[in-house]
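Here is a walk through one model, starting from a charged pair and working outwards. Have the viewer open while you read.

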Amino acid sequence: MSNEQNSSLSQKENLLKLLLKLSFADNQLSESELIYILHVGRSIGIDEEKIRALSLTVQEIELVIPKKEQDRMSILYYLLFLMKIDKQVDEAEEKVVYHYGFKLGFQESMVRDMVTLIRNNPDEKIPPKGMIDIIHKYLN
């Protein structure tokens with residue numbers, strides 16, 4: 001396997017570890033969170049058995065920060081949508097999102113605004129315009 005393939009696999013595994021870490025932040029993995037993580041895993045080419053193995057090493061996250069802003073934003077979106085999936089935004093989950101949002105290079109205030117948008121729409125789809133407005137506010 002080439003270094004590029006290893007790096008890509010490592011980024012995918014780290015994304016899943018990060019999602020698992022967030023899902024365990026409130027000390028419970030809901031069925032909806034598990035389904036979401038399995039769906040993300042399938043969409044990036046990681047099978048269920050590998051996800052189970054990764055769940056055992058969730059504390060060993062060495063976040064690989066993608067160079068492209070779009071890739072970093074994708075990670076943040078995955079975190080935000082996972083936080084919302086069980087319709088309960090827990091303070092421990094928020095702390096994980098803030099922590100990794102900062103590590104990904106995003107302003108705390110931008111992440112806070114996104115978390116507020118998620119919190120204010122627990123039973124509804126996230127309004128795309130709301131997300132876009134937040135991004136434009138901070139990234140332009």
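Start with Arg 112 and Glu 108, whose side chains meet in a salt bridge at 2.4 Å, N to O; a salt bridge here is a side-chain nitrogen of Lys or Arg within 4 Å of a carboxyl oxygen of Asp or Glu. Both residues sit in helix α6, four residues apart, which is about one turn of the helix. Helices (H or I, at least four residues) and strands (E, at least two) are DSSP runs numbered from the N terminus. Arg 112 is partly exposed, with a relative accessible area of 36%, and Glu 108 is partly exposed too, at 47%. For these labels, buried means under 20% relative accessible area, exposed means over 50%, and partly exposed is in between, using a 1.4 Å probe and protein chains only.

Some housekeeping before going on. This is a predicted model, where local features need pLDDT of at least 70 and side-chain atom pairs count only at pLDDT 80 or more, while totals for chains, interfaces and linings use all residues. Residues are numbered from 1 along each chain as its sequence is written, and side-chain values use heavy atoms, with hydrogens and water left out.

**Helix α6**

How far apart are the end C-alpha atoms of α6? They are 16 Å apart, and this agrees with the 16 Å that the 12 residues of the helix (residues 108-119) should span at 1.5 Å a residue; the expected span is 1.5 Å times one less than the number of residues. The buried residues in α6 are Met 110, Val 111, Met 114, Val 115, Leu 117 and Ile 118. Looking down the axis of α6, those buried residues fall within an arc of 155 degrees, so they line one face of the helix; the arc is that of the directions from the helix axis to the C-beta atoms. They pack against α4 (69-85), α5 and α7 (128-139), with contact meaning heavy atoms within 4.5 Å.

**Salt bridges**

The structure holds eight salt bridges in total. Three of them are tabulated here by their N to O distance.

| Positive residue | Negative residue | Closest N to O distance |
|---|---|---|
| Arg 112 | Glu 108 | 2.4 Å |
| Arg 52 | Glu 49 | 2.9 Å |
| Arg 119 | Glu 94 | 1.8 Å |

Arg 119 lies in helix α6 and Glu 94 in helix α5, so this pair ties together parts that are 25 residues apart in sequence. Arg 119 is partly exposed at 39% relative accessibility, whereas Glu 94 is buried at 12%.

Arg 52 and Glu 49 are three residues apart in helix α3 (residues 48-55), and about one helical turn separates them. Arg 52 is partly exposed at 46%, and Glu 49 is exposed at 54%.

**Other charged residues**

Is Glu 33, in helix α2 (residues 31-43), buried or exposed? Glu 33 is buried, yet it has no salt bridge, and the nearest side chain of opposite charge, Lys 84, is 12 Å away. The charge count takes Lys and Arg as positive and Asp and Glu as negative, leaving out His and the chain ends. Setting aside residues up to four places away in sequence, Glu 33 touches Ser 23, Asp 26, Gln 28, Leu 82, Ile 85, Asp 86 and Glu 93.

Lys 17 belongs to helix α1 (residues 3-24) and is buried, with a relative accessible area of 11%. Beyond its neighbours within four places in sequence, Lys 17 is in contact with Leu 54, Thr 57, Val 58, Glu 60 and Ile 61.

Lys 95 is in helix α5 (residues 91-103) and is exposed, at 52% relative accessible area. The C-alpha atoms of Lys 95 and Leu 19 are separated by 13 Å, with their positions 76 residues apart along the chain.

**The whole chain**

Zooming out, the protein chain has seven helices and zero strands. Its radius of gyration is 15 Å, which agrees with the value near 14 Å for a compact globule of 140 residues; the radius is taken over C-alpha atoms, and the globule rule is 2.2 Å times the number of residues to the power 0.38. The C-alpha atoms fill a box of roughly 40 × 35 × 25 Å along the principal axes. Buried residues make up 41% of the 140 residues. Among contacts between residues at least 6 apart in sequence, 74% join residues at least 24 apart.
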